[in-house]
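Colleague: Got a minute to go through this one with me? I'd like to know what stands behind each label.

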Amino acid sequence: MLKSYEAIYDNGQVKWLEDTPKVTSARVIITILEESNKSVFSRRQPPEFIAGKGKTLGDIVSPIVYEHDWKCLK
């Protein structure tokens with residue numbers, strides 16, 4: 001059975017971040033996650049050709065349409 005444990009490898013030493021495995025001898029597979037300063041997710045930018053073409057129809061306080069046009073109130 002495979003189990004995953006999170007640890008930090010520092011100068012030849014393994015420091016367990018969670019509970020330590022309860023085994024005395026085992027075959028292990030180690031995956032190294034290299035540290036990077038760059039974020040994995042980058043913020044998307046809208047295309048430049050749509051700049052200035054947005055239109056505000058209402059705000060968060062007043063509705064876009066009048067209450068007498070609401071079908072749910074009838």
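Modeller: Sure. One definition to start with: two strands pair if DSSP finds at least two bridges between them. And bear in mind that this is a predicted model.

Colleague: Then what makes E1 and E2 a pair?

Modeller: Four bridges join them, and the cut-off is at least two, so they count as paired. The two strands run antiparallel, and Tyr9 stands opposite Val14 in E2. In their hairpin, two residues sit between the strands, and Asn11 takes a positive phi near 50°.

Colleague: Why are Tyr5 and Trp16 called an aromatic pair, and why edge-to-face?

Modeller: Their ring centres are 6.1 Å apart, and the limit is within 6.5 Å, so they pair. The planes make an angle of 80°; over 60 degrees counts as edge-to-face, hence the name. A search of the whole structure finds one aromatic pair. This pair links distant parts of the chain, with Tyr5 in the segment before E1 and Trp16 in strand E2, eleven residues apart.

Colleague: How do you know whether Tyr5 is buried or exposed?

Modeller: Its relative accessibility is 34%. Buried needs under 20% and exposed over 50%, so Tyr5 is partly exposed. Trp16, at 38%, is partly exposed because of the same cut-offs.

Colleague: What lines the largest pocket?

Modeller: That pocket has a volume of about 1200 Å³. Of its 26 lining residues, the closest to the centre are Tyr5, Trp16, Val28, Ile29 and Ile30. By class, the lining has 17 nonpolar, three polar and six charged residues. Among the elements, E1 gives the most, with three residues.

Methods: Residues are numbered from 1 along each chain as its sequence is written. This is a predicted model: local features need pLDDT of at least 70, side-chain atom pairs count only at pLDDT 80 or more; totals for chains, interfaces and linings use all residues. Side-chain values use heavy atoms; hydrogens and water are left out. On a 1 Å grid over the protein atoms alone, a cavity is a set of points where a 1.4 Å probe fits but cannot get out, and a pocket is an open set with protein on both sides within 12 Å along at least five of seven lines; lining residues have an atom within 4 Å of a point. Grid points are joined across faces, edges and corners, and a volume is the space filled by probe spheres set on the points. Ala, Val, Leu, Ile, Met, Phe, Trp, Tyr, Cys and Pro count as nonpolar, Asp, Glu, Lys and Arg as charged, and the others, Gly among them, as polar. Rings of Phe, Tyr and Trp (its six-membered ring) pair if their centres lie within 6.5 Å; planes under 30 degrees apart count as stacked, over 60 as edge-to-face and the rest as tilted. Buried means under 20% relative accessible area, exposed over 50%, partly exposed in between (1.4 Å probe, protein chains only).
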